[in-house]
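These are my notes from one session with the model. I set down each item as I looked it up.

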Amino acid sequence: KDCIIGFLPSEPDPVQSGVVPNRQSKEIDHDWSDSPIAKQHRKKYVWVARAAVEGEYEKFTMDPESMRPVPGYEMPSQNVCDICGASCISNKGETLYQFRCYLRSSRGGGGGVGSSTRLDRHISYIS
């Protein structure tokens, strides 16, 4: 919870827009179907992006204006979105971001008021 900018344990989990298409890359479908980014699990979690702030520890945010783009790999095939499976190429205006998540309190077992919210260990890359 200390790594999420603006997180207040006394407030309920935020409502998230749900604008992510209900699809996933072949890699997620084949190798990571039990992970939080798998389409059948996404709604169970609150999603936060790596923030564009410097410090001793990584910080995460829900504010789109504060998200830090992932530095692109030299080979476009390595800049793959976990949702659509497409290579994100910065010179075409596409940007890849690192996301983490924590379990919603309304789903039981973590997160929310009065509990110790911990980020899931899974890291997702989404454009």
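Where does Glu58 lie in the chain? I looked this up before anything else, bearing in mind that the model is predicted. I placed Glu58 in the loop between β1 (45–50) and β2 (60–61).

**Entry: Glu58.** I then checked its exposure. Glu58 counts as partly exposed, because its relative accessibility is 33%, and the partly exposed class runs between the 20% and 50% limits. I listed its contacts, leaving out residues up to four places away in sequence: Glu58 touches Cys3, Arg50, Gln98 and Arg100. I also looked up a C-alpha separation. Glu58 and Ile4 are 54 residues apart along the chain, and their C-alpha atoms are separated by 8.9 Å.

**Entry: the chain as a whole.** I noted 1 helix and 4 strands in the protein chain, arranged along the sequence as α-β-β-β-β. The chain has 127 residues, of which 33% count as buried. I recorded an exposed area of about 8400 Å², with 50% of it supplied by carbon and sulfur atoms. For contacts between residues at least 6 apart in sequence, I found that 60% join residues at least 24 apart.

**Entry: Ser124.** Is Ser124 buried or exposed? I found Ser124 in strand β4 (residues 124–126). Ser124 is buried, because its relative accessible area is 0% and the limit for burial is under 20%. Its side chain makes a polar contact of 3.3 Å with the side chain of His122. With residues up to four places away in sequence set aside, Ser124 touches Ile37, Trp47, Asp82, Tyr97, Gln98 and Phe99. I noted that Gln98 appears in the contact lists of both Glu58 and Ser124.

**Entry: nonpolar cores.** In soluble globular proteins, nonpolar side chains tend to be buried together. I therefore looked up which residues have the most contacts inside the largest nonpolar core. This core has 15 residues, and those with the most contacts inside it are Ile37, Trp47, Met67, Cys81, Ile83, Phe99 and Ile126. The elements that give two or more residues to this core are β1 and β3 (97–103). Another core lies apart from it and has 7 residues, among them Phe7, Val48, Phe60 and Leu119.

**Entry: Cys81.** I followed one of the residues listed for the largest core, Cys81. Leaving aside neighbours within four places in sequence, I found Cys81 in contact with Ser25, Ala86, Cys88, Leu96, Tyr125, Ile126 and Ser127.

Conventions: Residues numbered from 1 in each chain as written. Predicted model: local features only at pLDDT ≥ 70, side-chain atom pairs only at ≥ 80, totals over all residues. Heavy atoms only, no water. Buried < 20%, exposed > 50% of the residue type's maximum accessible area, 1.4 Å probe, protein only. Polar contact = N/O pair within 3.5 Å; in protein donor to acceptor, adjacent residues only side chain to side chain. Contact = heavy atoms within 4.5 Å. Areas by Shrake-Rupley, 256 points an atom, 1.4 Å probe, with all protein chains shown as cover. Core = buried A, V, L, I, M, F, W, Y, C linked by side-chain atoms within 4.5 Å.
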